Amino acid sequence: MANKQGKMAGLINYRMRVTMNDGRQMVGQMLAFDKHMNLVLADTEEFRRVKRKAPKSSTAPGASSTSAPLVESEEKRTLGLTIVRGAHIISLSVESPPPADPAARLGASAPGGAASALSAGAGIARPAGRGAAIGLAGPAAGGPPGGFGGFPGAPPFGRGGPPGFPPGGMPPGGGFAPPGFGGPPPAFAPPRR
């Protein structure tokens, strides 16, 4: 086991091709691995083979549409930084050695010493919420709209009021006591006769 990890440690920063059990292949720079063979790959590209029916214009005249030939093609998708689970990996092979200038991968410098700019991505970064509005749009869920306890003129303490007080809308001291806590502590109770 130690020999395998030693060999893998020698491949850090190499560009690797990972074949997965569903037929996909990932190509990226290996940044890290663990004992389960989980891999962290940078600048990852995914390659997969897909079979599609050929367009109607390419079928021979008189051929039935049910027996349209299947055309196999390879799709490429850029993923970036990925974590590949070791349980899904079938094989691992070296594509290329690590770059001579590690900063070249990040676009900090280009061959010849000229600075290069990173190309812009295809989309816009937006927060990914769970369907809730971003920011505070009103009173907290479940709390009364008037501040602490819903009393007019009371200072707003956000959700629940000041520390040590019950949440907004709940009367202080209300509710039920747990079993065995029905009265004052024994030291303060009047003596029994």
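Visitor: Let me start with one residue. How should the exposure of E75 be described: buried, partly exposed or exposed?

Guide: E75 has a relative accessible area of 24%. Buried means under 20% and exposed means over 50%, so E75 counts as partly exposed. Keep in mind that this is a predicted model.

Visitor: Which residue forms a salt bridge with E75?

Guide: The general idea comes before the case. Side chains of opposite charge can pair when their charged atoms come close. Here R48 forms a salt bridge with E75, and their closest N and O atoms are 3.2 Å apart. The pair links distant parts of the chain, with R48 in strand 3 and E75 in strand 4, 27 residues apart. R48 is partly exposed as well, at 37% relative accessible area.

Visitor: How many salt bridges does the structure hold?

Guide: There are nine. Another one joins R77 and E46, with 2.8 Å between the closest N and O atoms. This pair also links distant parts of the chain: R77 belongs to strand 4 (residues 70-84) and E46 to strand 3 (residues 39-53), 31 residues apart.

Visitor: Where does each partner stand in terms of exposure, R77 and E46?

Guide: R77 counts as partly exposed because its relative accessibility is 46%. E46 counts as buried because its relative accessibility is 2%. When reading a salt bridge, look up each partner separately.

Visitor: Which residues are linked with E46 and R77 in a network of salt bridges?

Guide: D22 and R24 are; together with E46 and R77 they form the network.

Visitor: Which residue meets R17 in a salt bridge?

Guide: The side chain of R17 meets that of E95, at 2.7 Å from N to O. R17 is in strand 1 (residues 15-20) and E95 is in strand 5 (residues 89-96), so read along the chain the two are distant, 78 residues apart. E95 counts as partly exposed at 40% relative accessibility.

Visitor: Which ring does R17 lie over?

Guide: R17 lies over the face of F47, at 5.6 Å from the ring centre. For contacts between rings the result is short: a search of the whole structure finds zero aromatic pairs.

Visitor: Now the sheet. In what order do the five strands stand?

Guide: Read a sheet from one edge to the other, not along the chain. The order here is 4-3-2-1-5, the sheet is open, and the pairing is antiparallel. Strand 4 and strand 5 stand at the edges with a single partner strand each, so one side of each has no neighbour in the sheet. On average, neighbouring strands are turned by 30° against each other, direction ignored.

Visitor: How many bridges join strand 1 and strand 5?

Guide: Six bridges join them, in the antiparallel sense. R15 stands opposite S96 in strand 5. Strand 1 also pairs with strand 2 (residues 25-33), antiparallel and over five bridges. In strand 2, V27 is the bridge partner of R17.

Visitor: What should I expect of side chains along such a strand?

Guide: In a regular strand the side chains alternate between the two faces of the sheet.

Visitor: How many residues lie between strand 1 and strand 2 in their hairpin?

Guide: Four residues lie between them, and G23 in that turn has a positive phi of about 100°. Strand 2 and strand 3 form a hairpin too, with five residues between them. Those two strands pair in the antiparallel sense over seven bridges, and Q29 stands opposite A42 in strand 3.

Visitor: What is the phi of M37?

Guide: Phi of M37 is near 70°, a positive value in a residue other than glycine. M37 lies in the loop between strand 2 and strand 3. With a relative accessible area of 21%, M37 is partly exposed; the cut-off for buried is under 20%.

Visitor: Where does N13 lie?

Guide: N13 lies in the loop between helix 1 (2-9) and strand 1. Phi of N13 is near 75°, again positive in a residue other than glycine. N13 counts as partly exposed because its relative accessibility is 32%.

Key
Residues numbered from 1 in each chain as written. Predicted model: local features only at pLDDT ≥ 70, side-chain atom pairs only at ≥ 80, totals over all residues. Heavy atoms only, no water. Salt bridge = Lys/Arg side-chain N within 4 Å of Asp/Glu carboxyl O. Buried < 20%, exposed > 50% of the residue type's maximum accessible area, 1.4 Å probe, protein only. Pairing = 2+ DSSP bridges. Axes fitted to C-alpha atoms, helices over the stretch in contact; angles between N-to-C directions. Phe/Tyr/Trp six-rings, centres within 6.5 Å; stacked < 30°, edge-to-face > 60°. Lys NZ or Arg CZ within 6 Å of the ring centre and 35° of its normal.
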